[in-house]
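User: I should like to understand how the descriptive terms applied to a protein model are justified. May I put some questions to you about the structure below?

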Amino acid sequence: MGDKKKAKNSQLVIRINDTERERFVSLCDELDTSAAREVRRFIRDFIAEHETPNQR
């Protein structure tokens, strides 16, 4: 079971205006994905792009 995904045990609270949130959630629905999944993907991509190898 070494392939187990890491547990999601933390939350990040952000403030976003209602219009942007609704547009984002609506687009995620249209693309058959979830807002949470896309935010997690953004965070992983951002870390990979900006983190230096000795920070890993």
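Analyst: Please begin with Arg44, which lies in helix H2, residues 35–50. The model is a predicted one.

User: What makes Arg44 count as exposed or buried?

Analyst: The relative accessibility of Arg44 is 52%. Exposed means over 50%, so Arg44 counts as exposed. Arg44 also belongs to a positive surface patch, together with Lys5, Lys8, Arg37 and Arg40.

User: Why is that patch called positive?

Analyst: Lys and Arg count as positive, and the patch is formed by Lys5, Lys8, Arg37, Arg40 and Arg44. The name therefore follows from the residue types.

User: Which residues form the negative surface patch?

Analyst: The negative patch is formed by Asp18, Glu22, Asp29, Glu30 and Asp32. Asp and Glu count as negative, which explains the term.

User: How do you know whether Asp18 and Asp32 are buried or exposed?

Analyst: Asp18 is in helix H1, residues 18–30, and its relative accessible area is 66%. Asp32 is in the loop between H1 and H2, with a relative accessibility of 69%. The cut-off for exposed is over 50%, so Asp18 is exposed and Asp32 is exposed.

User: What is notable about phi of Asp32?

Analyst: Phi of Asp32 is near 55°, a positive value in a residue other than glycine. Most residues other than glycine have a negative phi.

User: Where is Glu38, and is this residue buried or exposed?

Analyst: Glu38 is in helix H2. Its relative accessibility is 16%. Buried means under 20%, so Glu38 counts as buried.

User: What makes the pairing of Glu38 and Arg41 a salt bridge?

Analyst: A salt bridge requires a side-chain nitrogen of Lys or Arg within 4 Å of a carboxyl oxygen of Asp or Glu. For the side chains of Glu38 and Arg41, the N to O distance is 2.3 Å. The pair therefore satisfies the definition. A search of the whole structure finds one salt bridge. In general terms, side chains of opposite charge can pair when their charged atoms come close.

User: How are Glu38 and Arg41 placed along the helix, and how accessible is Arg41?

Analyst: Glu38 and Arg41 are three residues apart in helix H2, so about one helical turn separates them. Arg41 has a relative accessible area of 43%. That value lies between the cut-offs of 20% and 50%, and Arg41 is therefore partly exposed.

User: Which side chain other than that of Arg41 makes a polar contact with the side chain of Glu38, and why is the term used?

Analyst: The side chain of Thr33 makes a polar contact with that of Glu38 at 2.8 Å. The limit for such a pair of N or O atoms is 3.5 Å, so the distance meets that limit.

User: Which residues form the nonpolar patch on the surface?

Analyst: The patch is formed by Leu12, Ile14, Ile16, Phe24, Val39, Phe42, Ile43, Phe46 and Ile47, with about 830 Å² of accessible area together. H2 provides the largest share, five residues.

User: How do you know the accessibility class of Ile14 and of Phe24?

Analyst: Ile14 is in the segment before H1, and a relative accessible area of 56% makes Ile14 exposed, the cut-off being over 50%. Phe24 is in helix H1. At 33%, Phe24 is partly exposed, because the value falls between 20% and 50%.

How values were computed:
Residues numbered from 1 in each chain as written. Predicted model: local features only at pLDDT ≥ 70, side-chain atom pairs only at ≥ 80, totals over all residues. Heavy atoms only, no water. Patch = residues over 30% accessible without salt bridge, like charges linked within 9 Å, V, L, I, M, F, W, Y side chains within 5 Å. Areas by Shrake-Rupley, 256 points an atom, 1.4 Å probe, with all protein chains shown as cover. Charge placed at Lys NZ, Arg CZ, Asp CG, Glu CD. Helix = DSSP H or I, 4+ residues; strand = E, 2+ residues; numbered from the N terminus. Buried < 20%, exposed > 50% of the residue type's maximum accessible area, 1.4 Å probe, protein only. Polar contact = N/O pair within 3.5 Å; in protein donor to acceptor, adjacent residues only side chain to side chain.
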